[in-house]
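Visitor: Could you take me through one part of this model up close, namely the place where the two chains meet, and then show me how the rest fits around that picture?

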Amino acid sequence: MAELKRQKERLIALLLVGFLALNYPILSLFSSTAQLFSLPVLYVYLFSIWVLFIVLLAAILEKKERAAPDKSTLPGDSA
Amino acid sequence: MLEGWVITLVSLAYLGILFAVAFYADKRADAGKSIISNPYIYTLSIAVYCTAWTFYGSVGRAATTGVGFLPIYLGPTLIAALWWILLRKIIRIAKVYRITSIADFIASRYGKSTTIAALVTFIAVIGTIPYIALQLKALSNSFNVLLYYPDINLLEQSRASAPYDTALYVTLIMAAFSILFGTRHIDITERHEGVVAAIAFESLVKLLAFSAVGIFVTFFLFDGPGDLFSWVPVYDELSRLMEVEAIPGEYTNWLSLTFLAMMAILFLPRQFQILVVENTNEDHVRKASWLFPLYLLAINLFVLPISFAGLLLFPEGGVDPDTFVLTVPIIESQELLALFVFIGGLSAVTGMIIVATIALSTLVCNDLLMPALLRIEALPQENLGGVLLGIRRGSIVAVLLLGYLYYRLIGGAYALVSIGLISFTAAAQFAPPLLAGIYWKGASRRGAISGLLAGFIVWTYTLLLPSFAKAGWISSQFVEYGPFGIELLRPQQLLGLDMFDPITHTTFWTMLVNIGFLFIVSIHDRQSPMEQIQATLFVDVFSPLKDTRLWSGTARVAELKNLVARFIGREQADRAFEGYAKMRGIQLREDMEADSNLVGFAERELSGAIGSASARIMVSSVIKGEGLSMEGVMKILDETSQVIEYSHQLEQKSQELVEATRELQEANRRLQELDRLKDDFVSTVSHELRTPLTSVRAFSEILHDNPNMDDGERQKFLAIIVKETERLTRLTNQVLDLAKIESGKAEWHIEKIDLVALIRDALGTTSHLFQQKSITLEQKIPDKSLFAMADRDRITQVVINLISNAVKFCEPEEGRVRVSLTQKNYELQVTVADNGPGVSPEEHERIFDKFHQISNRKEGKPKGTGLGLAICQRIITHHGGKIWLDSSAGAGATFSFTIPRFNEEHD
């Protein structure tokens, strides 16, 4: 139960962080014609955040499945 | 340049493949081996979100706004983080209460209101029409491009001569296709496994097609992304696109599009259909939550490269950026690739149109037309399944034709994405009543209606009407100067708010009035009981609360079955009822009265076919009695709680009753015992009195009849008479004594007495008895005084009684009597032991009964009155002590009694 609540909190936190990262004013920091690795910096930033968001989301959601059978990992988990 | 018949043939072949996929999936589903019941197919089916808008429109939007196409995909990505919480709850509610559409969901939450169902349906239909127009426009455009390009003259010519012909054919083909696909039969769950499988297949095709163009452009046309983007700084208009400032409305537009997309992914009718209604397992949401954003990322990866390539290849303009996906391969003479892209676009279009029309036709049928038809009772009695199918097919055609009309009206004036956003803003209107509905019990029906209505009116005024005006269908004066020249009412600068782009402007105002009305009306409203019940059921769906739909009145099983059969067919109804009977382990006979569980079951089955509001009306039509009035429900609820209370009380009462009965029986038993004892007593006393009286009388008669009797003889007879009368007196005294003690009328003189002195006196009094029978007396009496509070005469009476009893039962010469007095903690114990015949254990209790006399003795005649020990026991008990006997036959008897010791400190 506590683990489920923790998961919910993480999901909401992820949404908030993602929302902030993908909006004004943080977004405006990358709104420039400059290039990174010969790619437009805004393009690189948006897709990097996107990938990161998906990875974190998958990690949060799939974690329980892996942790559930092995109860011994739970205490270290909350640290 | 491709021949028209080739394109048509390939398109039809592709649609044929779709049918095959759907057919296969349906067959597998019927065999119980669903191919769609896994998170991957579920994810791909959700990608029906990516329509022609994504496939063609994104590139077009990127060509004018740079990254401005992205919020539409970032919004769903962000909200996907909450799917596991939010979407799962919606799915659970829909599954538990057999909800089959978004209108059904919202109506059901607000007390199964047919008004809300109709309102939501209306908004959904009106809101979806621009979206369908977008698909028709994209498809007919792509067909024309493929047919005539690169001969721009021919393209222009075809536009000029028969501008909308292609679109009309496309519309008609799509209508036929959707009807064949989505409305083959009425399913009680409204789930379409075949359709979902086909949609998933299409999602795969459109992703592959789009990626193919992307890869071709990036890696074959250019030398990788680095090469492609190295051209950006060369052109000012390209590098300008790499800033957010390229988007009209900039960051506010970005924010409002993100918000709209967050809502649209959940609340567009077709998304609701796929996400909620077609979901086979809640747990699939877990994987879909991150796989779907991954799909979005993949399909958007090449948007900017294709768009920039298009801009670089057609620097002078003249080509609609919305067609870059097609024109870029064509200009490079990649005809097969172009054909594949066209098929990808066709996938995107058909996917959207199939699901949207199925969802809308369900809405129109279940939530708009059925309730109306039911109210006016204009339905045939039999074979309603046919009527349902007819209504659905009709609504599919109607919706598509409306889409076509809208396209003809404004199609030329807007880019694809701008048309789509009109629909998104409409779908967002469902968010407040739905979200508030599943988390806030206080949200009321009137609140939801007023919020929806206000939001819809503002949407129509600020977005839909201006789109008509822009197309020249109504005067553009209205947009520029406001109605009747009232500047404050200008639809896209309402109340003078002119800092936003039109979409942000509409989003702001509609959400403000929608949420505002919902909350303000709700908090001033009183919910009906039905609303309260539904609100609780929805908000607390995860807590173990049972369905409380209550029906009063009765119906027969056959009537219910017939009703269900009218909508879903006889065979399906039979199967459903059999399944129900098996599940509950009962036998259903046709003539049985249906209990409320079965009625609820029938209602849920019907809900699947015709929506919850209609199902309620239908079921109430066969329920005899009042069907279901809300007062009835509340009364039943009240009564139920009262009955529970009563039965609780009853249980308590019956418990008490059992207890009382037991006590009464006990009392009765004691009474009977007492009665018997009284009878015994009277007869015993009479008997005891008669014996001495008889001898007194006999001897008196002898004396009377023989006056000449010699003195010795006379003296002997007189002695007997005296002795017998003494015995009579003693007996009478004892009877009186006992009666006095038992009735509580005896007088007690309680004082401080020395028990040692008392026992010595008693032994002195009885010493002649010992001498007479030469019995040995042993004394174990302390020297110092031991005091007790007692009645001296009564205790003396007890001691003497015990001593004389002991002497009485001892054999002369060898008899031994031992009298002892010991001191215990709070009491003094007197023991009188003899070595007489003893008393058998079974007589230990009864020996203290009245008139009980030891029977098996050598002499036939009893030696006492049988009252002595009874009196002793009562005296001792009165003093708060106890008296008992330790003995066994042949081993002598030991009588002991205790009385409380006198407490020195007290004095």
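Guide: Let's start with the smaller question of burial: of the 79 residues in chain A, 37% are buried (under 20% relative accessible area; over 50% is exposed and anything in between partly exposed, using a 1.4 Å probe and protein chains only). Keep in mind that this is a predicted model, so local features need pLDDT of at least 70 and side-chain atom pairs count only at pLDDT 80 or more, while totals for chains, interfaces and linings use all residues. Residues are numbered from 1 along each chain as written, chains are lettered from A and ligands numbered from 1 in the order written, and side-chain values use heavy atoms, with hydrogens and water left out.

Chain A has three helices and two strands, running α-β-β-α-α along the sequence (DSSP runs numbered from the N terminus: H or I of at least four residues for helices, E of at least two for strands). Of its contacts (heavy atoms within 4.5 Å) with a separation of 6 or more, 54% join residues 24 or more positions apart. About 4700 Å² of chain A is exposed, 72% of that supplied by carbon and sulfur atoms (Shrake-Rupley areas with a 1.4 Å probe; for residues, only the protein chains shown count as cover).

Now the meeting place itself. Here 33 residues of chain A are in contact with 40 of chain B, and the two chains bury about 3400 Å² between them, 77% of it on carbon and sulfur atoms (the accessible area, 1.4 Å probe, that two parts lose on being put together, summed over both). On the chain B side, B:Leu78, B:Tyr251 and B:Arg286 supply 19% of the area buried against chain A, more than any other three residues.

As for polar pairing, 10 residue pairs across the interface are in polar contact, both at pLDDT 80 or more (N or O atoms within 3.5 Å; within protein, one must be able to donate a hydrogen and the other to accept it, and residues adjacent in sequence count only if both atoms are side-chain atoms). The side of chain B that touches chain A draws at least two residues from each of α4 (71–79), α11 (224–230), α13 (250–267), α15 (284–300) and α16 (303–313). The largest share, nine residues, comes from α15(B). By class, that side has 29 nonpolar, six polar and five charged residues (Ala, Val, Leu, Ile, Met, Phe, Trp, Tyr, Cys and Pro are nonpolar, Asp, Glu, Lys and Arg charged, the others, Gly among them, polar).

The two chains share one salt bridge (a Lys or Arg side-chain nitrogen within 4 Å of a carboxyl oxygen of Asp or Glu): B:Lys287 pairs with A:Glu62, their closest N and O atoms 3.5 Å apart.

Over all chains there are 19 salt bridges. One of them joins B:Glu603 and B:Lys112 at 3.2 Å, N to O. That pair spans 491 residues, from helix α28 (residues 596–610) to the loop between α6 (102–109) and α7 (114–148) of chain B, and both B:Glu603 and B:Lys112 are buried.

Another puts B:Arg816 and B:Glu778 together, with the closest N and O atoms 2.4 Å apart. B:Arg816 sits in strand β6 (residues 816–823) and B:Glu778 in strand β4 (residues 776–780) of chain B, so this pair ties together parts 38 residues apart in sequence. Both ends are partly exposed: B:Arg816 at 44% relative accessibility and B:Glu778 at 29%.
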